[in-house]
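Hello,

Here is the structure you asked for. Please open it first, then read my notes below.

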Number of protein chains: 2
Amino acid sequence: MDKQTRLNLIRNLIVGNNIENQEQLQAMLAERNIQVTQATLSRDLKSLKVSKSHSSQGGYYYAVSEGESKRGTRDNFIGDISRGFLSMKFSGNMGVIRTLPGYANTVAVAFDSLGLDEILGTVAGDDTVIFVIKEGVTKEMLKSVLRKNFPSLYI
Amino acid sequence: MDKQTRLNLIRNLIVGNNIENQEQLQAMLAERNIQVTQATLSRDLKSLKVSKSHSSQGGYYYAVSEGESKRGTRDNFIGDISRGFLSMKFSGNMGVIRTLPGYANTVAVAFDSLGLDEILGTVAGDDTVIFVIKEGVTKEMLKSVLRKNFPSLYI
DNA sequence: TAGTCTATTGCATAAATATACAAAAATTGG
DNA sequence: CCAATTTTTGTATATTTATGCAATAGACTA
C-alpha cells in the first residue's frame, strides 16, 4: 500500500460517502486494513485539496475540490484514468463513470484504447462517461477485469 | 447591527477576500465596528454553509456554497429545463431527452444539479441528453418524480 | 559501499473550530 | 405592561485539524 494508492482510495471514499471527520475516514481505511494516524490524513486531505462543508442536515462532509487536486503529465492510459477517475456505478448493462470536470473524454479515450473485450462502447460528456457492457458479461466479471487493470482504483 | 446584516456582510467579505480563518474574519468585522466572538462566527459560518478549502498556494480560504451565493437554486434549474425541453423517451434503463438546439448541456447540468436519486448520470450532446436510470427504478417511478418536479412539462 | 538527500510517517502538541450551558435580548400573547 | 417563550450571544471547554520535530526508509551520487 503506497501513498498514491491511499490517496486514490481516500478520494473515492470521500466521493462515495458522507464522511464527517478524519476519525471517521481513519476508521473506513482501517476496515480496509490501512492503518494511518490522523496526522497523516490531515496531510493527505491537504494534498488532495479536500474541502469540508456543512451539509443541509447539520452535519459535515468532505468534498474533493474542482480539478486542481492533480495535474501532471503521466501519459499512459492507466495514468490518465487514475488522474480523472472519481467513481464508477452500474445499472443493468450500463456503467457510469464520474470524473473530475473535463476529464471524461480523456478517461473514455483511455478506456477505449485499452481494448477491453467486456465493453461495447463509451460516450463521454464533461465529467461523466457512460459505457455499455457486452451482453453476457456481468458486473462482477467486469469489475474483476478492471481491478486487474487498475489496482490503484478500488472499483 | 442585527444578525442578518452581519451574515450578509460576512458573505460579502468571504466572496471578496481570501479569508483564512475565523480570527481573520473577526478582525475584518472589527474594522467595521462589529464586535463578535469566534464562537458566534463559527455559528454564522455554519448557518451560511461556508466551506473551508485548501488554496493551491498552501493556505486556506472560505467559500460560500453554490446554493447560497449564486443563483444555483432549484427554481433556476427548473427554469433552465423548462426553457429547452422538447421531449423525453425511454428505452430500457436509458432515457433520451430532446431539446432545442444548444440547450442539451444546460438541461443536463440542471438535471444533475437537482440531484435526483433515480438518475445515475447524464451525457449531453447539442440537442440530445442521454441518461441512465438507477437499477430498480422503473420508467413509471421516474416519470412520477419528474412530473412532481416539473408540473409544466408533459413527460 | 558509505554518505547524503528526499519523502513519508508518527508522536506530541499547537492552532482552529464547534458546542454545552447560562445569561441577555428580543418576541409573542395575553 | 408583564410573563412566557424563543433567539442570540459570550464564556469556557471539548472536539477537530494542522504542524514542528525526529525517526525511518528509499533513492541517488561519488
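H3(B) gives the most to the surface near DNA strand C, with 5 residues. Near means that a heavy atom of the residue lies within 4 Å of the strand. Helices are DSSP runs (H or I, at least four residues), numbered from the N terminus. This is a predicted model: local features need pLDDT of at least 70, side-chain atom pairs count only at pLDDT 80 or more, and totals for chains, interfaces and linings use all residues. Residues are numbered from 1 along each chain as its sequence is written, chains are lettered from A and ligands numbered from 1 in the order in which they are written, and side-chain values use heavy atoms, leaving out hydrogens and water.

Now the DNA contacts. Among the 20 residues around DNA strand C, A:Arg6, A:Thr40, A:Arg43, B:Lys52 and B:Tyr62 come nearest. Sugar and phosphate make up 67% of the strand's atoms within 4 Å of the protein. A side-chain N or O atom of A:Thr40 is 2.3 Å from a phosphate oxygen of DNA strand C. For B:Lys46, that kind of distance is 3.1 Å. B:Gln38 has a polar side-chain atom 2.9 Å from a base nitrogen of the strand.

Next, salt bridges (a side-chain nitrogen of Lys or Arg within 4 Å of a carboxyl oxygen of Asp or Glu). The structure holds 5 over all chains. One joins A:Arg6 and A:Asp44 at 2.6 Å, N to O. A:Arg6 lies in helix H1 of chain A and A:Asp44 in helix H3, so the pair ties together parts 38 residues apart in sequence. Both A:Arg6 and A:Asp44 are buried, meaning under 20% relative accessible area (exposed is over 50%, partly exposed in between; 1.4 Å probe, protein chains only).

Best wishes

Terms used: A polar contact is a pair of N or O atoms within 3.5 Å; within protein, one must be able to donate a hydrogen and the other to accept it, and residues adjacent in sequence count only if both atoms are side-chain atoms. Helices (H or I, at least four residues) and strands (E, at least two) are DSSP runs, numbered from the N terminus.
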